[in-house]
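Q: Hey, got a minute to go through this structure with me? I'd like to start with the pocket.

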Amino acid sequence: MDHAAPPAESVWHPPSFFLRFARNRAALAGALVLGVLVGAALFASSVGGASPRAMGEIPLTPPDRAHLFGTDDLGRDIWTGVLHGARVSLFVGVVAATTSGIIGVLMGSIAGYYG
């Protein structure tokens with residue numbers, strides 16, 4: 001009687017991956033921080049307030065309730081500038097990762113086909 005072992009479950013099998021991820025507190029904390037940053041960048045207009053180019057009344061103010069990071073030498077809110085700048089950084093990161101993934105898949109496919 002042949003007792004074949006059940007096939008080994010992949011590390012990336014979705015149920016086991018998410019269960020292991022949910023048990024890891026550091027991974028959950030990192031995912032939460034990343035989610036908050038991405039959400040703040042996506043909704044920068046409603047979170048940050050005015051345009052990052054809007055001139056304020058008083059330049060070089062220290063951080064307070066109205067300006068979380070203070071203002072620069074032209075009176076612009078630094079917090080709003082950081083949030084709007086995060087949009088650009090996230091877009092560049094996504095485009096770079098997507099482009100490198102496409103190039104890697106193409107090169108790997110060609111190398112696998114031709115040996």
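**Pocket, helices and loop**

A: Sure. The largest pocket has 17 lining residues, and G56, H67, T71, G75 and D77 are the ones nearest its centre. A pocket here is an open set of points on a 1 Å grid over the protein atoms alone, where a 1.4 Å probe fits, with protein on both sides within 12 Å along at least five of seven lines; lining residues have an atom within 4 Å of a point.

Q: How much space lies in the largest pocket?
A: About 180 Å³, where volume is the space filled by probe spheres set on the points.

Q: And how do the lining residues divide into nonpolar, polar and charged?
A: Five are nonpolar, nine are polar and three are charged. Asp, Glu, Lys and Arg count as charged, Ala, Val, Leu, Ile, Met, Phe, Trp, Tyr, Cys and Pro as nonpolar, and the others, Gly among them, as polar.

Q: Anything I should know about the model itself?
A: It's a predicted model: local features need pLDDT of at least 70, side-chain atom pairs count only at pLDDT 80 or more, and totals for chains, interfaces and linings use all residues. Residues are numbered from 1 along each chain as its sequence is written, and side-chain values use heavy atoms, with hydrogens and water left out.

Q: OK, how many helices and strands are there?
A: Four helices and zero strands. Both are DSSP runs, with helices being H or I of at least four residues and strands being E of at least two.

Q: Why does the span of α4 agree with its number of residues?
A: Helix α4 (residues 78-114) has 37 residues, so at 1.5 Å a residue it should span 54 Å, and its end C-alpha atoms are 53 Å apart. The expected span is 1.5 Å times one less than the number of residues.

Q: Which residues of α4 are buried?
A: T80, L83 and H84. Buried means under 20% relative accessible area, exposed over 50%, and partly exposed in between, using a 1.4 Å probe and protein chains only. The buried residues of α4 pack against α2 (25-42) and α3 (44-48).

Q: What about R53, buried or exposed?
A: R53 is exposed, with a relative accessible area of 69%. R53 sits in the loop between α3 and α4, and its C-alpha atom is 7.8 Å from that of G81, 28 residues apart along the chain.

Q: Where is L60 found?
A: L60 is in the loop between α3 and α4 too. L60 has a positive phi, near 55°. Most residues other than glycine have a negative phi.

How values were computed
Contact means heavy atoms within 4.5 Å.
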